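Biologist: I would like a close look at one part of this model. Which residues surround ligand 1, and what lies behind them? Please place that site in the chain as you go.

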Amino acid sequence: MTRNVCVIGMGLIGGSIALSIKKEHDAFITGVDIDQNQLKLGLKLGVIDRMTEDLSEGVEDADLIVLAAPVTKTEQLIDQLKDLPLKEGTIVTDVGSTKTRILKKAAQLSHKGISFIGGHPMAGSHKSGVQAARSHLFENAFYVLTPDKSVEANKIIQLQNWLKGTKARFIELSPGQHDKLAGLISHLPHVVAASLVQQVRHVEKEDELVSRLAAGGFRDITRIASSNPVMWRDILLHNKDTILELIKHFKEEVTRMETMLEEDDEEKILQYFSDAKAFRDGLPSREKGALPAFYDLFVDIPDHPGVISDVTGILGQAGISITNIRIIETRADIMGVLRLTFRSHEDREEGRRHLENSLYETYIMD
Ligand SMILES: NC(=O)C1=CN([C@@H]2O[C@H](COP(=O)(O)OP(=O)(O)OC[C@H]3O[C@@H](n4cnc5c(N)ncnc54)[C@H](O)[C@@H]3O)[C@@H](O)[C@H]2O)C=CC1
Ligand SMILES: O=C(O)C(=O)Cc1ccc(O)cc1
């Protein structure tokens with residue numbers, strides 16, 4: 001039997017959840033967004049089956065409602081849901097990067113007999129919009145659930161069943177613990193990444209060479225500074241107390257290094273870096289999913305006309321489609337680099353084989 005799902009916020013995460021649900025369930029998915037373009041794109045890409053900008057129309061028949069807007073908007077949406085007629089037994093969940101304020105707001109829904117189960121898939125990308133959505137985005141990632149005590153256990157199982165196509169690993173946390181941990185491993189690093197970029201931006205005003213030299217490590221550590229600013233503003237405001245505390249500790253950490261350096265304390269500096277390396281090297285890795293995982297292949301291309309159509313021609317002849325193509329470097333003195341995005345690991349492997357047979361140098365960076 002076809003069941004109805006409503007995803008509110010048809011962006012990267014809402015779109016990815018919708019795709020993962022479609023993979024495993026006979027579901028008719030309605031997308032709701034304030035941005036018509038995202039909805040139209042969602043329909044065109046087959047992420048949703050129906051679009052509407054009218055919240056009440058979107059949710060009226062829904063067996064599952066997924067709130068996938070920025071966190072402050074999620075609070076407002078819960079306020080709106082409170083006054084709308086919803087199907088009996090419907091499950092409402094969200095995907096927001098913060099949980100305490102959202103769960104507080106959602107308590108109003110439990111008074112109405114609606115099961116609200118807070119959620120946070122702890123993976124994603126600096127990209128946004130439904131065009132970047134992928135059904136496998138959360139594969140092997142942790143998916144935090146913060147159910148209210150009033151929610152029946154079978155509703156949590158039902159939600160996990162709805163979300164099984166994410167192939168994520170579910171873990172239950174209290175909203176407070178979630179926000180503390182997410183602050184440390186996600187929100188503070190975002191602040192640090194943006195600050196590092198700002199520092200370079202200020203220097204660039206006097207010496208524009210700096211951004212051209214910024215490569216390797218700088219790009220790695222600052223990738224997340226390219227994320228959606230609205231989303232991150234909202235996350236910071238939501239988790240303000242935790243992040244302020246973490247900034248204080250971070251300043252102390254930097255001061256420790258400052259002191260070691262002022263004192264030319266070779267031994268302590270070495271120990272500091274060694275301890276950090278040992279801890280970092282020991283972090284569990286996630287085989288698939290989040291960070292690069294859009295099946296990108298990089299191809300060195302000589303700087304001459306027609307080379308791009310040659311590359312796409314080779315893939316076309318082999319019947320391999322790509323979802324994106326981008327020239328990421330073209331300079332007179334070196335070869336350019338083309339970034340091709342494939343639909344799957346298998347397509348990328350096959351495409352790579354064909355291109356290498358045609359003597360193109362290719363590499364993968366994930
Ligand atoms: N980007 C990431 O990697 C991750 C994001 N999240 C959380 O997921 C949520 C969505 O983030 P993304 O999908 O990345 O953002 P996005 O910018 O790709 O999509 C958000 C969508 O919500 C829509 N929207 C805004 N206000 C709305 C409203 N009042 N009603 C309906 N739609 C509305 C926007 O038009 C946009 O299409 C955020 O709460 C974020 O904290 C969670 C995990 C990872
Ligand atoms: O791009 C990345 O590496 C991310 O870390 C994406 C991300 C952003 C927000 C979240 O709440 C979870 C994951």
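Modeller: A word on domains before anything else: their bounds come from an automatic or database domain assignment. This is a predicted model. On that assignment, the chain has domain 1 (3–173), domain 2 (178–281) and domain 3 (296–363). The C-alpha centres of domain 1 and domain 3 are 36 Å apart.

Now the site. Ligand 1 has 30 residues around it. Gly9, Gly11, Ser97, Gly124 and Ser128 are the closest. Four elements each supply two or more residues to this shell: α1 (12–24), α4 (71–82), β6 (115–121) and α10 (229–238). Sorted by class, the shell holds 15 nonpolar, 12 polar and three charged residues. Domain 1 (3–173) and domain 2 (178–281) each contribute at least three residues to it.

Ligand 2 has a shell of 10 residues. Ser97, Gly124, Ser125, His126 and Ile224 come nearest to ligand 2. Ser97 and Gly124 therefore deserve a second look: both are listed among the closest to ligand 1, and both are listed among the nearest to ligand 2. The ligand 2 shell splits into five nonpolar, five polar and no charged residues.

Go back to α10, one of the elements in the ligand 1 shell. Its buried residues are Met231, Asp234, Ile235, Leu236 and His238. The cover over them includes α4, α5 (100–110), α7 (175–204) and α11 (240–262). α4 thus appears twice, in the shell of ligand 1 and in the cover over α10.

α1 also has two roles here. Besides its place in the ligand 1 shell, consider the largest nonpolar core, which has 59 residues. Val7, Ile8, Ile65, Val66 and Ala68 have the most contacts inside that core. α1 gives the most to this core, six residues. Domain 1 (3–173) and domain 2 (178–281) each put at least three residues into this core, just as each puts at least three into the ligand 1 shell.

Take valine 66 as an example. Set aside its neighbours within four places in sequence, and valine 66 is in contact with Val7, Ile8, Gly14, Ile17, Thr93 and Val95. A second core stands separate, with 11 residues, among them Tyr295, Ile320, Leu338 and Leu355.

Next, the whole chain. The secondary structure amounts to 14 helices and 12 strands. The radius of gyration is 23 Å, close to the 21 Å given by the globule rule for 366 residues, so the chain is as compact as a globular protein of that length. Its C-alpha atoms fill a box of roughly 65 × 65 × 40 Å along the principal axes. Of the 366 residues, 34% count as buried. Among contacts with a separation of 6 or more, 75% join residues 24 or more positions apart.

Two exposed residues complete the picture. Leucine 270 sits in helix α12 (residues 266–281). It counts as exposed because it has 11 C-beta neighbours inside 10 Å, and 12 or fewer is the limit for that label. From leucine 270 to valine 230 is 39 Å, C-alpha to C-alpha, with their positions 40 residues apart in sequence. Asparagine 37 belongs to helix α2 (residues 36–44). Asparagine 37 is exposed too, with 11 other C-beta atoms within 10 Å. Asparagine 37 and lysine 251 are 42 Å apart, C-alpha to C-alpha, and 214 residues apart in sequence.

Terms used:
Residues are numbered from 1 along each chain as its sequence is written. Chains are lettered from A and ligands numbered from 1 in the order in which they are written. This is a predicted model: local features need pLDDT of at least 70, side-chain atom pairs count only at pLDDT 80 or more; totals for chains, interfaces and linings use all residues. A residue is near a molecule or strand if its C-beta atom, placed from the backbone, lies within 6 Å of it. Ala, Val, Leu, Ile, Met, Phe, Trp, Tyr, Cys and Pro count as nonpolar, Asp, Glu, Lys and Arg as charged, and the others, Gly among them, as polar. The radius of gyration is taken over C-alpha atoms; the globule rule is 2.2 Å times the number of residues to the power 0.38. A residue is buried if 20 or more other C-beta atoms lie within 10 Å of its own, exposed if 12 or fewer, and partly exposed in between; C-beta atoms are placed from the backbone. Two residues are in contact if their C-beta atoms, placed from the backbone, lie within 7 Å. A nonpolar core is a set of buried Ala, Val, Leu, Ile, Met, Phe, Trp, Tyr and Cys residues joined through C-beta atoms within 7 Å.
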